[in-house]
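Me: I'm new to reading protein models, and I'd like a close look at one single part of this one. Could you pick a residue, walk me through its surroundings, and then step back to how the chains meet?

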There are 2 protein chains.
Amino acid sequence: VAKVDETWQDAERRMRELGDLRRVVGLLSWDQETLMPPAGAAARARRLATVQGIAHERLCDPAFGAALDRLAEAELDPVRAACVRHARRDRERARKLPTDFVRRLAAARSRGVQAWKRARAENDFAVLRGPLEQVVALTRERADRLSEDGEHYDALLDDYELGMRVERLEPLLCELGAALRELLDAVREPAAAAPPPPFAGAEFPRDAQWSYTIELLRELGFDLDAGRQDRSPHPFTSSPALADVRLTTRLFPDNPFSGIFSTIHEAGHGLYEQGFDPAHEDLPVADAPSLGLHESQSRLWENVVGRSLPFWQHELPRLRAAFPEQLATASVEDVHRHVNRVTPSLIRVDADEVTYNLHIIARFELELALVRGDLEVGALPDAWDDAYRRLLGIDPPDHLRGVLQDIHWSQGLIGYFPTYTLGNLYAAVLWGQLRRDRPAIEDEIERGEFAPLLGWLRERIHRHGRVLDGEELIRRVTGRPLETGPFVDYLWGKFGPLYGVARP
Amino acid sequence: VAKVDETWQDAERRMRELGDLRRVVGLLSWDQETLMPPAGAAARARRLATVQGIAHERLCDPAFGAALDRLAEAELDPVRAACVRHARRDRERARKLPTDFVRRLAAARSRGVQAWKRARAENDFAVLRGPLEQVVALTRERADRLSEDGEHYDALLDDYELGMRVERLEPLLCELGAALRELLDAVREPAAAAPPPPFAGAEFPRDAQWSYTIELLRELGFDLDAGRQDRSPHPFTSSPALADVRLTTRLFPDNPFSGIFSTIHEAGHGLYEQGFDPAHEDLPVADAPSLGLHESQSRLWENVVGRSLPFWQHELPRLRAAFPEQLATASVEDVHRHVNRVTPSLIRVDADEVTYNLHIIARFELELALVRGDLEVGALPDAWDDAYRRLLGIDPPDHLRGVLQDIHWSQGLIGYFPTYTLGNLYAAVLWGQLRRDRPAIEDEIERGEFAPLLGWLRERIHRHGRVLDGEELIRRVTGRPLETGPFVDYLWGKFGPLYGVARP
């Protein structure tokens, strides 16, 4: 036992050092996205490469491997065992990817992002085609290196949703797609006939939006002594430390709800980060088990809570205090209807809760075909438009509002999109359990009491970090596996009454 | 030669990696001072320790030492030779300070800063005494470890002003002190009799101050695509990259000139950083030869340029556009007199150009006595008050406005204060040469043409980095050594006419 303790201490020191370096990379990246002056980009890329190179070297140190191997044979408590499991896996994957390959992939991703920006500026997919072909080819090579046989896409899924497999994901999404199209067909006409809200056309100054979102963060329980909010073109959350969690939002003067829901969404991520056990900080377990589970927190707060009637019963008077003239005649029902308007649209990030996952299903089908080699990058724009016609019944008028809208593929994030939908599914499963555990939860929200909700999430989800894998954690909390039923029930429960349609 | 080239490439790679890590530490520290939420402090300290620890380990790598030793024997161009010289020196000093000692010193400094803050909050030197004794003891031990014999203080000076020695600095400051007291005696009465400016008591909103300082930065030639300005309680400059130079300023509604001169001061530092040869970025030569030389740039811009009559002839109309009512009746002469008011005061950072260096001389005498063991920390408050009576003729009413005003000693910056005065001396020497080289320089400033001044500094000083040592560089540019004459002449040339007194 003394020997094991000694080995653990050596391994723990190395894990914590790697944790430090990972968080340093996080801060450098956060700064790059929010504050860095444009001319600083080249030097920043070098700094990142240096720190990541050192982390890679430390991770691959044979002495670390030997310590982890010894610990894998030993009797450890669940936290230590999970740390060893994650560290071994990280190490194994790192060793399968030679430095030279990692550098080539990073360069291709960086060229991909540049080309994507240019392609968008010129509304011309041809600009992106060559660089994207390279990214796809290297991503396939990466999958090859990580797993010798089987489905390439599975190896990519493992980056984001550990243990998820195409053979499980595909039927799940297929079933979900059918249910969503049924719901969409039912509500499409009444939704299209809904009148515009009374505040349509009003202007909402950014300063007042900003102050309101900061107050809202406080109200939800986000600790502003252990975090901050800034602005960026694409909202995101980054955690230089568990007690230094940084959200960004973006504000539009013609639409305050965009910024409000960005803030709530990122707060969902941020509350999760602030909720990991501080004793595990810088260890591999102080993280979410998967991106899908991380996304479940942002979507639970943004959609299930933030787009609910009880939430706006509490929140509208506060928002009206910030915008007394603009919202003078708006009722809670006006706002609730406005923030839940269902309409098949071209842009994923603007989509409502019903159509959102159809955008994801389109992307999943396309990226799976790309990775399998069933679809060429050159044929991607047409395939995109076909998918939108088939799934959403609309026709992108140009590539800017079509295949060029997301940055993900250009920067090598292939296999990532499904995590958004998994987040919605996890959120609904959790919400179902929460309502069983706390039948008064909606009354509490209506009174602006968010502490019981946060407390439940802290206790059941947050503090566990990734001691367990994602689906295992959900199963412990709810007794059920990941499934589409609770999400579809939740959607019908909200949109059926909202549009006066009965579930078939 | 092929062998030397190969060795150089290996050493260069290591130098650039160390440069990356140093800049990463810089960004972590900048963020800590400006943005980091308070609860992030503990984790940030760990990140910094980890990155600094890795840098220390890389610097001490015997293979690096062997490469540097081989290069020290070889024929190298001046840039490479300087890189090798600096790297060897850094390495030698790092190896003399064991990791355990460095950690103890860092911990003592950190406790010193905490105690200083508490001592200020309670206006009680007793709170600081113990922690400061530890800092002084460990600083003396550090000097001991760095140089086996001779003056301890010399080893500390080497941290900030490489090659400077007490036996040279002490007579320089002594001579300067006598000249300053002569000037102060001459102007004290007319200065005290000067009427307050017409804008006394006006309010200058922070937003308008901020916009004006940003425009001012552009005007002076600071590249805002390769830098930025933020706010912090204590203005400073940090460079995550030569093309990412970050200034901070602080704004007071009752006094716009405080923020303006902070901005100009930090711009002086920032223009220097933006002016190093980009080809040398991340090599040891892309830095100032000394803090004194760095400070010469901030003081040349802030005082020699920014507090001059020609500057305000150009600038007052622009400032008046930002504050039309507040400055409606103010003349250029009013502003010039106001920003050059001489008065013996208690607080160093608020001091005018005549008395400023008397504050420094007081600190130099005290810290030299502390390091030599001629003064106990317990006797420091009384010694402080004595020095202020003797040098400035005033009596601190409490320690807050006395010995507790500066953070430097508490955080182990002992031997640092003289660099402020050296900066003033260097600035005056450079200004004298500039006027000889460009007799029309003051006309250019009056027309708001700062590019010729910046161009001269870039060519003569900035682009050389620290290929040469500080005094050697000054000697190449001016043909003269570091001396007090030009600075004293400059002061008499400004303050004699301003207060109508003749030089004895």
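Reply: Sure, let's start with A:Asn123. Setting aside its neighbours within four places in sequence, this residue is in contact with A:Asp398, A:His399, A:Leu400 and A:Leu404. Keep in mind that we're looking at a predicted model. If you trace the chain, A:Asn123 and A:Asp398 are 275 residues apart, yet their C-alpha atoms are separated by 7.7 Å.

One of those contacts deserves a zoom. A polar atom in the side chain of A:Asn123 lies 3.2 Å from the backbone nitrogen of A:Leu400. As for where the residue itself is, find helix H5 (99–122) and helix H6 (125–146) of chain A: A:Asn123 lies in the loop between them. Buried or exposed? Neither label fits, because A:Asn123 has a relative accessible area of 31%, and that makes it partly exposed.

Now let's step back to the two chains. Turn chain B by 180 degrees, with a shift of 0.0 Å along the axis, and it can be laid on chain A with an RMSD of 0.0 Å. The two copies are therefore related as by a two-fold rotation axis. The same surface serves both of them, too: 100% of the contact residues of chain B recur in chain A.

So how do they meet? Chain B brings 36 residues to the contact, and chain A brings 36 residues as well. Between them the chains bury about 2800 Å², with 56% of that on carbon and sulfur atoms. On the chain B side, the residues that lose the most area to chain A are B:Leu35, B:Pro37 and B:Arg47, together 20% of what that side buries.

There's plenty of charge pairing to look for here. The rule finds 16 salt bridges across the interface of chain B and chain A. For an example, go to B:Glu57 and A:Arg58, where the side chains meet in a salt bridge at 2.8 Å, N to O. Polar contacts across this interface come to 24 residue pairs.

Which parts of chain B touch chain A? Helix H1 (2–34), helix H2 (41–60), strand E1 (227–231), strand E2 (237–241) and strand E3 (244–249) each supply at least two residues of that side. Sorted by kind, the residues on the side of chain B that touches chain A are 18 nonpolar, three polar and 15 charged.

Technical notes: Residues numbered from 1 in each chain as written. Chains lettered and ligands numbered in written order. Predicted model: local features only at pLDDT ≥ 70, side-chain atom pairs only at ≥ 80, totals over all residues. Heavy atoms only, no water. Least-squares fit on C-alpha atoms with pLDDT ≥ 70 in both. Contact = heavy atoms within 4.5 Å. Buried area = accessible area lost by both parts, 1.4 Å probe. Salt bridge = Lys/Arg side-chain N within 4 Å of Asp/Glu carboxyl O. Polar contact = N/O pair within 3.5 Å; in protein donor to acceptor, adjacent residues only side chain to side chain. Helix = DSSP H or I, 4+ residues; strand = E, 2+ residues; numbered from the N terminus. Nonpolar A, V, L, I, M, F, W, Y, C, P; charged D, E, K, R; others polar. Buried < 20%, exposed > 50% of the residue type's maximum accessible area, 1.4 Å probe, protein only.
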